[in-house]
Amino acid sequence: MRALWTLGLLALVAVAAGMPAHGAPYGGAGGILDRRAREVADLISEAPTWPDDLLAASFTAQVKPGQLRTIGMQYFAQCGAVVEVQPTSAKGEHSGTFDLITSRGMVVPLTLTLSETPPHEVVGLLFGLPSPMLKSLDEAVAAMRALGGQVSFGVWSLGEGPPKPVATLDPDRSLAIGSAFKLHVLGALIEQVKAGQRSIADVVPLLPQYKSLPSGQMQEWPDASPVTLATAANLMISVSDNTATDLLITTLGRERVEAAMGAMGVADPARTTPFLTTAEMFLLKFVGDGARAREYAPLDAAGRRAYLAKSPLVGPISTDALNAGALAQPMMVDSIEWFASASDLARTVDWIRVQTEGDAASAPMQLRNALAINRGLAISPTQFRWVGFKGGSEPGAINMTYLLQSADGTWYALAATWNDPTRSLDEGKFAALVQRTIYVLGTNR
């Protein structure tokens with residue numbers, strides 16, 4: 001239910017204005033951009049220092065020298081010293097991206113922007129999530145296996161017929177997927193729009209009972225605010241808005257979403273029946289002492305439906321009601337959650353791809369494009385020209401699911417889920433591993 005862009009390593013990021021997107025393939029060696037990249041790489045050190053002319057005043061106004069030293073030392077403690085600087089793309093002479101290869105076999109992505117006038121000081125830089133120096137998808141599978149706990153992972157090529165596996169690890173293992181379940185809510189909306197039962201321009205008033213807890217923002221909107229289904233879908237997917245999600249589940253119908261799971265390729269939708277709203281999940285597991293969850297967990301599907309009907313668990317929910325202790329560790333992630341395997345999720349995003357093909361301005365295509373608003377990770381458009389993402393997490397469970405179109409038009413699905421009912425997970429490590437896997441996929445096709 002949480003958004004993935006709050007992963008822990010963002011605390012180690014230094015950003016200034018003017019950061020570019022990944023640009024064209026890198027076209028040359030030497031020059032000021034290369035030299036500045038090597039000087040920036042030296043910041044990853046036990047005792048960072050830098051030339052007096054390296055950083056522009058506009059940069060140091062936002063990131064103080066002490067902060068920058070702390071960032072460099074934290075990266076050094078995790079990754080070791082930088083032993084090689086590999087350019088990966090450039091956008092003109094003064095901005096580009098690099099891979100910093102470290103002594104511990106890690107890769108730190110670097111995005112760098114220089115001023116266009118001498119001495120070409122750094123006006124923006126971003127150290128990305130460190131990831132293992134994978135060279136093949138087989139190495140990605142091995143790294144996923146080494147995470148421990150329970151993992152379901154795979155990469156599939158998409159085209160005619162069912163997804164074709166490229167590299168997998170226990171792909172049919174059904175695990176808790178967090179907010180990736182919102183893909184199935186999106187699928188139910190696509191079904192109803194295509195059937196003429198809904199329009200993406202339909203307006204639904206924001207009722208108090210729809211108001212869940214963050215991630216998201218809609219819980220702060222005034223009661224009765226008019227919300228189009230398109231707006232709700234965009235917020236549900238791009239910022240994992242829980243209130244937008246509950247509005248959609250209630251409007252579309254719980255049973256219709258359950259049916260959509262099966263239509264989209266989930267092998268065992270019964271495990272996620274009844275399909276909970278986010279408010280129901282919060283109120284069962286994270287509000288109070290957990291008594292509701294203990295009552296609910298052993299029930300069969302019929303018993304669970306009766307439980308929810310007898311004592312509706314609806315918003316609004318106050319953040320003051322949350323049990324901080326319950327949020328600090330895994331809470332029944334193997335029994336009360338939303339469940340799917342990696343292969344289920346590959347079929348899910350492939351279903352979305354197929355069902356939304358057509359005119360770029362069509363309503364189904366607009367719903368597909370909700371997936372492209374937030375890429376989740378830094379993925380180069382020189383490798384993948386279209387990137388759709390949804391993920392999710394709670395203590396003990398994390399998922400990242402991608403629909404990718406390569407530069408040559410080939411479609412891929414990638415789904416990775418990691419569960420451990422006994423401990424919280426290193427979400428930054430997992431995200432970095434997924435990011436490097438996508439880079440390897442784009443490089444080694």
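## Overall fold, strand S15 and salt bridges

The chain contains 15 helices and 15 strands. Its radius of gyration is 23 Å, close to the 22 Å that the globule rule gives for 445 residues, so the chain is as compact as a globular protein of that length. The model is a predicted one. Along the principal axes, the C-alpha atoms fill a box of roughly 70 × 50 × 45 Å.

Of the 445 residues, 55% count as buried. The chain exposes about 17,200 Å², and carbon and sulfur atoms supply 54% of that area. Among contacts between residues at least 6 apart in sequence, 68% join residues at least 24 apart.

### Strand S15

Strand S15 covers residues 411-419, and nine of its nine residues are buried, so the strand is largely enclosed by the rest of the structure. The burial applies to both faces. Trp411, Ala413, Ala415, Thr417 and Asn419 point one way from S15, Tyr412, Leu414, Ala416 and Trp418 point the other way, and all are buried.

S15 has strand S7 (residues 150-158) as an antiparallel partner, with nine bridges between the two. It also pairs with strand S14 (residues 397-406), again through nine bridges and in the antiparallel sense. Leu414 takes part in both pairings: it is the bridge partner of Val155 and also the bridge partner of Tyr402.

S14 and S15 are joined as a hairpin, with four residues between them. In the turn, Gly409 has a positive phi of about 95°.

### Salt bridges

Side chains of opposite charge can pair when their charged atoms come close. In this model the count comes to 14 salt bridges. Three of them are listed below with the N to O distance.

| Acidic residue | Basic residue | N to O distance |
|---|---|---|
| Glu39 | Arg36 | 2.8 Å |
| Asp53 | Arg36 | 3.3 Å |
| Glu357 | Arg353 | 3.3 Å |

Arg36 appears in two of these rows, paired with Glu39 and with Asp53. Glu39 and Arg36 both lie in helix H1 (residues 31-41), three residues apart, which is about one turn of the helix. The salt bridge between Asp53 and Arg36 has an N to O distance of 3.3 Å. This pair links distant parts of the chain, 17 residues apart, with Asp53 in the loop between H1 and helix H2 (57-60) and Arg36 in helix H1.

How buried or exposed are these side chains' residues? Arg36 has 0% relative accessibility and therefore counts as buried. Glu39, at 14% relative accessibility, also counts as buried, because the cut-off for buried is under 20%. Asp53 has 30% relative accessibility and so counts as partly exposed. Arg35 joins Arg36, Glu39 and Asp53 in a network of salt bridges.

The remaining pair in the table is formed by Glu357 and Arg353. Its two residues fall into separate accessibility classes: Glu357 is partly exposed, with a relative accessible area of 49%, whereas Arg353, at 6% relative accessibility, counts as buried.

Terms used:
Residues numbered from 1 in each chain as written. Predicted model: local features only at pLDDT ≥ 70, side-chain atom pairs only at ≥ 80, totals over all residues. Heavy atoms only, no water. Buried < 20%, exposed > 50% of the residue type's maximum accessible area, 1.4 Å probe, protein only. Pairing = 2+ DSSP bridges. Salt bridge = Lys/Arg side-chain N within 4 Å of Asp/Glu carboxyl O. Rg over C-alpha atoms; globule rule 2.2 N^0.38 Å. Contact = heavy atoms within 4.5 Å. Areas by Shrake-Rupley, 256 points an atom, 1.4 Å probe, with all protein chains shown as cover.
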